[in-house]
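Hi,

Here is the model I promised to pass on. Have a look at it first, and then read my notes below.

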Amino acid sequence: MISQLSWKVGGQQGEGIESTGEIFSIAMNRMGYFLYGYRHFSSRIKGGHTNNKIRVSTKPLRAISDVLDILVAFDQETIDLNAHELRDGGVIIADAKFNPTLPEGLQPVRLLAVPLTEIAEELGTSLMKNMVSIGATSAILGIPVEGFRNIVEDMFLRKGEKVVEKNMEAITRGFAFVNEQTGGQLPEFQLEKADGTKRLFMIGNDAIALGAVAAGCRFMPAYPITPASEIMEYLIKKLPKFGGTVIQTEDEIAAITMAIGGNYGGVRTMTASAGPGLALMMEAIGLAGMTETPVVIVDTQRGGPSTGLPTKQEQSDINALIYGTHGEIPKVVMAPTTVEECFYDTIEAFNIAEEYQVPVIIATDLALSLGKATVEPFDYSKIQIRRGKLLAGQELPEMEQNDQFKRYEVTEDGVSPRTIPGQKYGLHHVTGVEHDQTGRPSESPTNRIAQMDKRLRKLDVLAKNFPNPVLVDGPAEESDVLLVTINSLGGTTEEAKGLLEQDGVKVSRAQVRLLHPFPVEQILPYVEKARKVVVVENNATGQITNLLKLNVGHADKIESVLKYDGNPFLPNEVYTEVKGLIKHGDVQRISQ
Amino acid sequence: MATFKEFRNNIKPNWCPGCGDFSVQAAIQRAAANVGLEPENLAVISGIGCSGRISGYINCYGLHGIHGRALPIAQGVKMANRELTVIASGGDGDGFAIGMGHTVHSIRRNMNITYIVMDNQIYGLTKGQTSPRSAAGFVTKSTPSGSIEQSLSPVEVALSAGATFVAQSSSNDLKGLTDLIEKGIKHEGFSLINVFSPCVTFNKVNTYDWFKEHIVSVDSIEGYDPHDRIKAMSYSMQNNGLLTGLIYQDTTRKSYEALVQGFKEEGLAKADLTISEEDFQKLVAEFA
């Protein structure tokens with residue numbers, strides 16, 4: 001019996017690789033397994049190798065695995081590119097149609113040539129080869145074919161009973177073929193039974209979009225871009241029910257400025273993009289900071305620079321997000337680490353944006369935004385809407401004609417009362433020019449300092465109140481190594497930690513969830529207690545490493561493990577790299 | 001009901017004496033009063049440049065944004081609260097150079113807002129460089145040998161982009177301009193009003209007198225029909241883009257807001273932000 005396994009389906013883009021993975025994983029999720037799926041895809045519509053790697057486990061996990069147990073191949077290229085990942089004794093289910101062969105020098109694996117296309121064609125359409133491959137997989141895992149019925153019904157019942165039955169038959173035939181070949185289920189692939197609990201299965205972008213609806217976001221101007229588009233696509237389907245809408249703008253500058261207009265007008269408005277879009281938005285983010293207009297912006301980081309690797313994993317926008325825009329504004333950069341956090345953090349982002357009247361950037365990475373994971377059901381009672389000092393829908397004290405509402409009143413916490421257009425005694429002017437308390441342009445040096453200090457002061461308050469800016473996992477006492485990450489790498493370092501601990505290394509982990517203002521107080525004690533700090537990040541220049549050094553010092557013991565080939569880290573890669581650093585560093589206890 | 005005086009504030013504009021923008025400011029104030037607005041129900045969103053300062057000189061809600069982006073900000077405000085009257089304004093550099101993309105797409109989108117361009121055919125605030133509205137051969141600090149680019153016609157661009165309201169006026173004609181702004185505010189959909197608003201400091205060619213001499217009012221054209229798009233285009237071309245008055249209006253098309261699925265008449269800003277547990281669980285169930 002095994003508690004987890006890794007399954008991958010590969011072929012040409014456009015031939016249903018995604019849906020094969022989808023059907024397989026939804027079915028497993030409904031059985032109560034924990035899933036994590038990561039798609040390898042290209043920036044083109046059809047053609048090009050694509051694969052969907054899915055991990056199934058009886059315990060929560062959120063990283064792709066080092067090894068592969070089962071590979072489903074719709075073409076020889078899939079075998080050639082991926083077979084090396086298979087563990088000893090792993091299985092390839094290949095379409096017999098292309099006469100699959102094993103590459104030379106491969107570890108011992110079992111190749112099952114299954115007439116996937118042939119069976120599908122007998123049933124009416126070659127498209128159903130996906131279903132046949134799912135049946136073939138379930139024969140190896142010993143999962144009853146009927147376990148797939150409800151997902152097949154969900155997907156095809158609107159096309160009629162017949163289509164459902166055809167697809168079920170395709171699964172059954174695939175199952176029967178492999179069952180006969182192997183003489184029954186293979187014991188080394190027998191998965192422990194799942195707990196049967198109902199959980200959700202979604203990508204980070206789904207959670208962000210759902211979080212936005214729950215947060216009361218009712219308007220989203222946005223421009224399509226990988227890997228952010230799912231957010232706008234979800235909201236255009238759902239917002240009309242709540243009276244809101246999505247506008248596909250002419251560019252990202254229009255998206256951010258329209259979002260600023262929406263928030264100024266009193267509606268919780270967001271936009272979402274990736275690096276290239278964020279670059280275009282920078283001037284307007286400065287306007288939001290200067291005019292103290294709340295706005296929520298999602299940056300789903302992908303491979304840069306320029307067009308870079310648009311469909312690949314990277315965490316290289318951090319400097320741009322923190323330091324981008326000219327001049328100095330209060331800005332918040334959040335970095336959720338799981339799909340669950342994407343949901344709750346998005347709600348919090350809207351609250352922070354209004355409470356502190358600042359732009360809030362939610363930074364994810366491609367693996368978090370598009371990686372599909374099992375998540376525990378969301379807690380409705382945790383949804384909170386806090387609008388801070390917004391005075392809307394209430395009577396304001398009467399004003400004379402030439403009086404102006406003190407929209408930029410200097411206050412202790414830096415946050416001023418805010419009104420929205422339409423309110424009788426709330427008239428005020430808003431400008432990106434330096435202004436006085438009523439929003440009138442002013443070049444007075446005293447006023448400049450008062451307003452600048454007022455704006456920047458807001459972050460001091462926020463830094464004290466931000467919920468769980470760093471998640472720490474590990475011993476409270478001294479550790480040999482502290483692994484620091486953001487976004488999706490938390491799951492990878494969690495597994496790497498387990499591997500290091502098997503070697504007797506004392507490991508603690510810190511997942512930084514607030515990149516700006518940097519949570520110095522929260523992370524410093526762990527840095528101090530660690531003999532070595534290793535920042536694991538998906539970029540070439542160590543942006544988080546530098547951020548950490550800048551904020552907490554201890555530069556002499558902080559090192560980086562970097563990967564920027566477009567792929568997420570594997571746990572074993574982190575393990576090996578970290579071990580190398582420890583060995584050559586100051587931790588002497590390790591003997592190997 | 002508010003009079004035009006209630007749209008005045010005590011701020012002295014930083015425009016040069018004699019600047020065409022004073023007339024535009026007065027015309028907006030008069031038109032706002034004439035159509036029965038209250039200051040709190042008007043939002044003027046402006047760009048950057050001398051003319052961009054206008055949002056601070058009218059007693060209403062005003063936002064002075066960034067260069068070239070008055071229109072998307074204005075559209076965001078309109079979506080947030082369609083009960084507001086939203087006027088976007090700025091100069092020819094703002095609308096036809098850096099912000100041209102937004103101008104064309106705002107016209108296509110056809111939201112119910114009025115866009116007033118103060119067109120002085122030069123960059124004034126940066127002290128005299130060429131604009132997309134400067135004529136070929138026009139000498140400025142950035143075109144010392146005369147501009148070698150063609151000037152564009154806002155009217156013809158708007159017509160070809162599918163505008164539902166295109167008007168042109170001049171700072172010489174306060175009454176006519178006020179009337180056009182009123183019509184623009186009342187128009188369902190996007191209204192573009194390009195105003196020849198002379199820069200008395202840096203443009204010594206396109207002066208008040210020059211415009212008096214060159215502009216051709218549609219009122220002077222016998223049988224002019226502002227509902228005929230092809231003829232509007234043709235007359236504009238025949239008159240070197242110097243046609244004034246209500247050049248084109250399409251009253252058959254609905255505004256963007258009216259076409260958005262599920263979009264209520266009441267301003268979105270007034271909507272309840274909370275989601276019921278039942279609605280929430282329904283959304284969540286799609287991921288189970």
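In chain A, the C-alpha centres of domain 2 and domain 4 lie 26 Å apart. This is a predicted model, in which local features need pLDDT of at least 70 and side-chain atom pairs count only at pLDDT 80 or more, while totals for chains, interfaces and linings use all residues. Residues are numbered from 1 along each chain as its sequence is written, and chains are lettered from A and ligands numbered from 1 in the order in which they are written.

The division of chain A runs domain 1 (4-198), domain 2 (202-382), domain 3 (389-467) and domain 4 (470-583); such bounds come from an automatic or database domain assignment. Domain 2 of chain A puts 24 residues into its contact with domain 4 of chain A, which puts in 21 (contact means C-beta atoms, placed from the backbone, within 7 Å). On the domain 2 side, the elements that give two or more residues are helix H11 (318-323), strand E12 (332-334), strand E13 (359-365) and helix H13 (366-370) of chain A. Helices (H or I, at least four residues) and strands (E, at least two) are DSSP runs, numbered from the N terminus.

Two of those strands also belong to a sheet. It is open, with five strands of chain A in the order E10-E11-E13-E12-E19 and mixed pairing (strands pair if DSSP finds at least two bridges between them). Strand E10 (270-273) and strand E19 (514-516) of chain A each have a single partner strand, so one side of each is left without a neighbour in the sheet. E12(A) and E13(A) pair in the parallel sense over three bridges, and A:Val333 has A:Ile361 in E13(A) as its bridge partner.

Next, helix H16 (residues 520-529) of chain A. Its residues A:Ile523, A:Tyr526 and A:Val527 are buried (20 or more other C-beta atoms within 10 Å of the residue's own, against 12 or fewer for exposed and partly exposed in between, with C-beta atoms placed from the backbone). The face of H16(A) turned away from this buried side carries the exposed A:Glu521 and A:Pro525. Among what covers the buried residues of H16(A) are strand E20 (530-537) and helix H17 (543-552) of chain A.

Finally, the two chains: 51 residues of chain B are in contact with 57 residues of chain A. On the chain B side, H2(B) gives the most, with eight residues. Strand E15 (residues 429-431) of chain A pairs with E2(B) in the parallel sense over three bridges, and A:Val430 stands opposite B:Leu63 in E2(B).

Best wishes
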